Every structure is written in C-alpha cells, then in structure tokens.
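Got the model loaded in your viewer? Here's a short walk through it, one selection at a time.

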Amino acid sequence: MIVIKKKPGACVFLFFIFFLMYPKDSFGQQDDLALDHIELVLNGELTYLSIYPNNKINVPISEDSKTEILDQLSVKWNNKYFNPYRGENVVFPFQLVFVDTVFSSPVTRKMVVTSRYGWRRGRPHQGIDIDLVVGDTVKSILDGKVRYVGYHGGHGKTVVIRHHNGLETVYAHLSNYFVKENDEVKKGQGIAKGGLTGNTRGSHLHLEVRYHGKSINPEYLFEFDEDSKIRSDALFVTRKWATPRYHRSTRKSNIVVHKTIPEADKFEEQQKKIYTVRKGDTLYRIANKYGLAVSEICKINSIRHNSVLKIGQQIFIN
C-alpha cells in the first residue's frame, strides 16, 4: 500500500505516474498483483484507488475530486442506441460509488412500488414499477446527463440518464419529454410526464438502474421510502443483484449490502448450493424451483439438457 498526501489538483498527475510504474499487463491478474490500492488524502479526507478485478478501477472520492477522477459520463457515449454497451462482459463483483447520501423521488406522489425487480410471468422484469397517474411529472433521481430520448420497444417513450459514477437510470412508459439528448439535469428535476406507452397494463413509472448495460436490482442501491436514502456511499454489486432470476417481482428481496471485496466474495461463494436429486426430479423442475434457466444449471455442472438424472446425484445450484 502506498499513501500519498497531496492536493486534489495533483490526483490525476499521480495516477498517471502510477500507471508508468506498473506495466499494463500486470493489471487484471489478481494472483500476481502486489499492490492492493493507493490511498489519497484530499484536504484531510481519505479516499482510495483500488485495482480489482480485470482493470476495474474503483474510486471512492470526495466532492472536490469528483470531476477529476470519477466521471464516466463520456464512456461509450451514444444517443442512438438504448444500450451502447452491447457485447461488453461485466466482471463481478464491481463497485459503485455515490457522492450523494439521498436521492430524489422519481414521482411527485408517495413512492409505492407495485412490481419489483425479478422473475415475472416467465420473463425477467429488469426494473421496478412505481405508481403514478398519467400526466404526473417524472423526475431524475440523481444529477446526470441525458443520453437517450426516444421510443424503445416495450418501454415505450423512454429517457435514459447517465450519472457521474457510470450508473444509468431508465424512465419508461412516458407520455411527453421535458428534456432532450445531451441535456444536463439536476437531482429532482422534471424530465418527462408519466404515461401508458409501450407494454404496460396500467399507469406506472418503470424505473431501471443499469451499469454498463447490466440491470441491477434498484432496491439494492436505493431505499424506496419517504427517506429516499442511498444505501451506501460505496458498495459492491455481486451477480445476484444483477440477475432477475434470483428474485421475484411479487416480493422484496432480503437486502444485504456488500461494502468490501471480501464481503462480496464470501456472499458469492455462499450462493453456491448443492441439491440432491430426488425421485421424479427433472432439470426443468429443479431449475424452476430455484428460478434458474436449465442452461445455467447445465453450465455450472458441465452436463447436457437431456442428461439423465440419478436419485442421490448432487447438483450445484448457483
């Protein structure tokens, strides 16, 4: 570990010196990595750069250094495509950092979640539905920049806002827009009106939270109640919190926030379960019981979808 005491303006300079000192090829190789992180003291406030895993640089920072280090607004910026990260492989766990401690409610009325992130009617529901009336103002939950405005499949009229930490929020089923692409918006600013466009069975706001194209359970990051708290200034997202099959849209998942890499790794390991095959079991029945796809079970256990199961056989359920 290296501790560097400097003023905020020197952060970027020190960061590039660090990259010159350590060859690029050494990054992403966890076993050979000798340096866990660099600590920076900015105006007496401790922050750090941690390198883990696969070139993922996680940077909890102070407000003063936000624009210098933690600003992913321009990464793969694209106004044409809903998901500009298509084909990118997200490595778990990854870290998200927030400067704010609270977010703004996306609706003007009391937040009531009517459908949650998870498996719903045989399909993944990749966001949460919040009650509203057609014509209600929809607001940005955090400061950011409008990346996408347009009609997108089942989402209907949609606005996507990119935030400084790389997170994107998706606001769907809208009726009218207040913003256009590349507009900068503030937390709590009205961006659109609620509507019934796209695939919807009633008036509500469909809100998604995405990171590099990967949906995240919004309730893992935000407390959707009257306090509107962000659960942590820095947390790690594991595969569970970015996979709808691990959740049910009809009930709130038990939230366990991972603030360190060891916590996240331990949780990922605990997620691996062993199921013992019983009489009458099939891969489909087992997959349905745990909210998984048959293909996922086959991949974990290196078996085929038509493999014959034997009573007493042990199968990993991840």
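**First stop: Asn182**

Start by selecting Asn182, which is partly exposed with a relative accessible area of 37%. You'll find Asn182 in the loop between strand 13 and strand 14. Check its backbone: phi is positive, about 75 degrees, although Asn182 is not a glycine. Keep in mind as you go that this is a predicted model.

**Zoom out for a moment**

Show the whole chain as a cartoon. The secondary structure comes to 6 helices and 20 strands. Of the 318 residues, 48% count as buried. Now switch on the surface: the accessible area of the chain is about 16700 Å², and 48% of that belongs to carbon and sulfur atoms. As for how the chain folds back on itself, take the contacts with a separation of 6 or more: 65% of them are between residues 24 or more positions apart.

**Two more backbone spots**

Next, select Lys76, in the loop between helix 2 and strand 5. Lys76 has a positive phi too, of about 50 degrees, and again the residue is not a glycine. Is Lys76 buried or partly exposed? With 44% relative accessibility, Lys76 counts as partly exposed.

Stay in that loop and move along to Pro93, which also sits between helix 2 (66-69) and strand 5. Display the backbone from Phe92 to Pro93 and look at the peptide bond: this one is cis, with omega near -10 degrees.

**The salt bridges**

How many salt bridges does a search of the whole structure find? The count is 11. Three of the pairs are worth a visit here.

Select Lys187 and Asp100 and show their side chains. They meet in a salt bridge, at 3.2 Å from N to O. The two ends come from distant parts of the chain, 87 residues apart: Lys187 is in the loop between strand 14 (184-185) and strand 15 (190-194), while Asp100 is in the loop between strand 5 (94-97) and strand 6 (113-115). Turn on the surface around the pair. Lys187 is partly exposed at 31% relative accessible area, and Asp100 is partly exposed as well, at 28%.

Now go to Asp136 and Arg109, another salt bridge, this time at 2.7 Å from N to O. Here the partners are 27 residues apart, with Asp136 in the loop between strand 9 (128-131) and strand 10 (137-139) and Arg109 in the loop between strand 5 and strand 6. Which of the two labels, buried or partly exposed, fits Asp136? Its relative accessible area is 12%, so Asp136 is buried, given that the cut-off for buried is under 20%. Arg109, at 36%, counts as partly exposed.

For the third pair, select Glu168 and Arg147, whose side chains form a salt bridge at 2.6 Å, N to O. This one links two strands: Glu168 belongs to strand 13 (residues 167-177) and Arg147 to strand 11 (residues 144-152), with their positions 21 residues apart in the chain. Both Glu168 and Arg147 are buried. Add Arg162 to the selection, and you have one network of salt bridges with shared partners: Arg147, Arg162 and Glu168.

**A buried acid without a salt bridge**

Select Asp281, in the loop between strand 19 (273-276) and helix 5 (283-289). What is the nearest side chain of opposite charge to this buried residue? Arg285 is, 4.6 Å away, and Asp281 has no salt bridge. A salt bridge would need nitrogen and oxygen within 4 Å, so that distance falls outside the cut-off. Look instead at Tyr275: its side chain makes a polar contact with the side chain of Asp281, at 2.7 Å. Leaving aside neighbours within four places in sequence, the contacts of Asp281 are Tyr275, Thr276, Ile286 and Leu309.

**A nonpolar patch**

Back to the surface: select Val133, Val134 and Leu196, which make a nonpolar patch of about 250 Å². Val133 lies in the loop between strand 9 and strand 10, and its 43% relative accessibility counts as partly exposed.

**Last stop: Ile261**

Finish on Ile261, in helix 4 (residues 261-270). Ile261 is partly exposed, with a relative accessible area of 22%. Draw a distance to Leu235, 26 residues apart from Ile261 along the chain: the C-alpha atoms are separated by 9.0 Å.

Conventions:
Residues numbered from 1 in each chain as written. Predicted model: local features only at pLDDT ≥ 70, side-chain atom pairs only at ≥ 80, totals over all residues. Heavy atoms only, no water. Helix = DSSP H or I, 4+ residues; strand = E, 2+ residues; numbered from the N terminus. Buried < 20%, exposed > 50% of the residue type's maximum accessible area, 1.4 Å probe, protein only. Patch = residues over 30% accessible without salt bridge, like charges linked within 9 Å, V, L, I, M, F, W, Y side chains within 5 Å. Areas by Shrake-Rupley, 256 points an atom, 1.4 Å probe, with all protein chains shown as cover. Lys, Arg positive; Asp, Glu negative; His and termini not counted. Polar contact = N/O pair within 3.5 Å; in protein donor to acceptor, adjacent residues only side chain to side chain. Contact = heavy atoms within 4.5 Å.
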